[in-house]
Amino acid sequence: MKNEMLGVILAGGKGTRLGKLTHNQAKPAVPFGGRYRIIDFTLSNCVNSGVKNIGVITQYQPLNLNAHIGNGASWGLDDLNAGVTILQPYSNNEGSKWFEGTAHAIYQNIGYIDQMDPEYILILSGDHIYKMDYEAMLDQHKETGASLTVAVIDVPWDEASRFGIMNTDDNNRIIDFEEKPAEPKSNHASMGIYIFNWKRLREVLVNSFTRNQDMVDFGKNVIPYYLKSGESVFAYNFKGYWKDVGTIDSLWHANMEFLDENNELNLQDRTWRIYSRNPIAPPQIIAETAEIKDAMIVDGSYIAGKVDHSILSANVRIQTGSVVTDSVIMPGAKIGKNVTIHRAIIGEGAIIGDDVVIDGTDEIAVIGNKEVVGVTSHEE
């Protein structure tokens with residue numbers, strides 16, 4: 001059955017700027033906000049937008065990500081008219097098929113996309129925190145008769161040189177694209193969200209790779225090619241919260257913003273829920289010695305210390321005398337007695353021994369997944 005629009009999420013990034021947090025997993029699998037992983041936002045946006053067939057392209061350390069997505073049941077993607085497919089690099093008679101860039105990853109999965117037979121293809125990144133209606137973007141794509149629509153968000157002028165900038169005319173048609181310009185002409189930053197007419201994109205990719213032309217990346221190659229060829233390319237202006245959490249600082253800040261009751265994400269909105277795969281955990285236990293202020297405590301946690309303005313994910317343990325402030329504690333981390341943690345991100349399954357001080361006052365402190373710091377006690 002023909003799909004009007006197929007969603008493809010690019011989730012193979014290594015996420016080197018997240019350091020220890022991505023040593024053993026892809027960036028989209030990194031926990032966020034206590035109950036979620038980063039890719040949950042993109043997957044949920046698809047489901048809420050009516051995009052029920054999704055391919056997830058993975059490459060770097062995909063095991064945690066694959067296990068998290070599973071058969072897609074947590075997002076309602078396991079019925080007859082919906083599905084999620086994990087697309088990993090493979091080998092054939094021509095050799096290995098490692099993905100060399102965003103557009104190359106799509107080219108290598110032409111077989112899957114042709115099988116789904118979409119009229120439009122929605123290409124997404126799996127490492128941003130936001131809520132967005134892709135159906136509204138598709139409506140504009142149709143109305144303008146575009147061959148390609150690029151989602152853009154206005155960023156502060158002093159940050160524009162960090163992004164791919166789309167310069168538009170009065171009708172919102174993109175007339176020029178600049179990759180991280182020193183002197184930007186506009187502040188319309190690409191969000192890495194594209195809607196293509198699949199038939200035309202397929203033709204461009206096949207012709208280019210057959211002729212060994214450089215067409216591996218959407219930002220560097222495909223968009224400039226479309227503009228040079230006179231294709232109809234339009235910008236879709238997004239208004240709302242959007243965060244690229246590709247650095248330790250941005251990940252920490254986004255989590256801290258998440259604690260604000262009036263945060264723009266508004267995850268209490270039942271009309272646009274963010275879904276996730278959460279293991280069943282026992283209720284949280286708050287000991288008599290605990291002091292908790294302005295914090296999020298997820299199921300399965302045991303708290304006997306002091307927690308202030310922090311996020312504690314599932315199955316976290318904090319022993320007596322410990323103080324955690326302005327920090328993110330990821331699932332399964334264990335913190336011993338008389339520990340002080342300030343402005344830090346503690347990775348999944350990390351173990352912090354007694355009397356340790358982790359101070360991120362000058363620079364956000366990071367403890368890696370399953371990292372052990374200090375001498376640990378055996379108290380549970």
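Here is a short chat about a helix and some aromatic contacts in this predicted model.

Q: Let's start with helix α1, residues 39-48: is it mostly covered or mostly open?
A: Mostly covered, since nine of its ten residues are buried.

Q: Which residues of α1 are the buried ones?
A: They are Ile39, Asp40, Phe41, Thr42, Leu43, Ser44, Asn45, Cys46 and Val47.

Q: And what does glycine 50 do just after α1?
A: Glycine 50 takes a positive phi there, about 85°.

Q: Switching to rings: how many aromatic pairs are there in the whole structure?
A: The search finds eleven. One of them joins tyrosine 36 to phenylalanine 41, a tilted pair with 5.6 Å centre to centre and 55° between the planes.

Q: Are those two, tyrosine 36 and phenylalanine 41, buried or exposed?
A: Both are buried. They also belong to one aromatic cluster, together with Phe32 and Phe258.

Q: Nice. What about tyrosine 107 and phenylalanine 209, how are they arranged?
A: Those rings are stacked, at 4.2 Å centre to centre and 20° between the planes. The pair links distant parts of the chain: tyrosine 107 lies in helix α3 and phenylalanine 209 in helix α6, 102 residues apart.

Q: Why is phenylalanine 209 classed as buried?
A: Because its relative accessible area is 16%, and buried means under 20%. Tyrosine 107 has 25%, so it counts as partly exposed.

Q: Last one: what sits over the ring of tryptophan 252?
A: That's the charged end of arginine 343, 4.6 Å from the ring centre.

How values were computed: Residues are numbered from 1 along each chain as its sequence is written. This is a predicted model: local features need pLDDT of at least 70, side-chain atom pairs count only at pLDDT 80 or more; totals for chains, interfaces and linings use all residues. Side-chain values use heavy atoms; hydrogens and water are left out. Buried means under 20% relative accessible area, exposed over 50%, partly exposed in between (1.4 Å probe, protein chains only). Helices (H or I, at least four residues) and strands (E, at least two) are DSSP runs, numbered from the N terminus. Rings of Phe, Tyr and Trp (its six-membered ring) pair if their centres lie within 6.5 Å; planes under 30 degrees apart count as stacked, over 60 as edge-to-face and the rest as tilted. A charge sits over a ring if NZ of Lys or CZ of Arg is within 6 Å of the ring centre and within 35 degrees of the ring normal.
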